[in-house]
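Subject: Structure handover, aromatic contacts

Hello,

Here is the structure we discussed, for your files. My notes on its aromatic contacts follow below it.

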Amino acid sequence: QVQLVESGGGLVQPGGSLRLSCAASGSIFSIYSMGWYRQAPGKQRELVTIITNGGSINYGDSVKGRFSISRDNAKNTVYLQMNSLKPEDTAVYYCYARLLAPMKSWDDYWGQGTQVTVSS
C-alpha cells in the first residue's frame, strides 16, 4: 500500500515562509514525478510545482520566483520551500506522485492534504 504523508503546513503571516515535506512509503518500484497541487475554497485544484526523477521542474505561474521544490530520491521525499507568502496562497496543499507499484501500472497517488493559511 502506497502512502504519501505530508507535513509542515500551518499559519504564517504575509511575507513569511513555510516548508512542506512529503514522503512516499510502501511498496514502490519507481517514482517518475512528485510535486504539489493546491485547492483554495471554492476553486479548482491547481498545480503548484512538479519535479521529475530526471530533475525537470514545472511551476504554476502564481508561484514562480517565490516557491522552490527539491527532491531526495533516496528517501522518496519531496520538499516545497514557500517564500514571500501571500494571502492568496491560502489553500490545502496536496502532495502528488506518479509512481509504479508492484502488480500495478503507472498511476497517480495523492496525500491527504495539509492546510496552509497566510493571514495577519
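Please keep in mind that this is a predicted model. I began with the ring pairs. Searching the whole structure gives three aromatic pairs.

In one of them, the ring centres of Y37 and Y96 are 5.7 Å apart; the planes meet at 65°, which is over 60, so the pair counts as edge-to-face. Y37 lies in strand β4 (residues 30-39) and Y96 in strand β9 (residues 91-100), so this contact joins distant parts of the chain, 59 residues apart. Y96 is buried, because its relative accessible area of 9% falls under 20%. Y37 has a relative accessible area of 21% and is therefore partly exposed.

Y37 also pairs with W110, again edge-to-face, with 5.1 Å from centre to centre and 65° between the planes. This contact too links distant parts of the chain: W110 belongs to strand β10 (residues 107-110), and Y37 in strand β4 is 73 residues away from W110. W110 has a relative accessibility of 37%, so W110 is classed as partly exposed.

Taken together, ring pairs connect Y37, Y96 and W110 into a cluster.

There is also an arginine to look at. Over which rings does the charged end of R45 sit? One is the ring of Y94, whose centre is 3.8 Å from that charged end. Another is the ring of W110, with the charged end of R45 at 4.7 Å from the ring centre. W110 thus appears both in the ring cluster and under the charge of R45.

Regards

Definitions and conventions:
Residues are numbered from 1 along each chain as its sequence is written. This is a predicted model: local features need pLDDT of at least 70, side-chain atom pairs count only at pLDDT 80 or more; totals for chains, interfaces and linings use all residues. Side-chain values use heavy atoms; hydrogens and water are left out. Rings of Phe, Tyr and Trp (its six-membered ring) pair if their centres lie within 6.5 Å; planes under 30 degrees apart count as stacked, over 60 as edge-to-face and the rest as tilted. Helices (H or I, at least four residues) and strands (E, at least two) are DSSP runs, numbered from the N terminus. Buried means under 20% relative accessible area, exposed over 50%, partly exposed in between (1.4 Å probe, protein chains only). A charge sits over a ring if NZ of Lys or CZ of Arg is within 6 Å of the ring centre and within 35 degrees of the ring normal.
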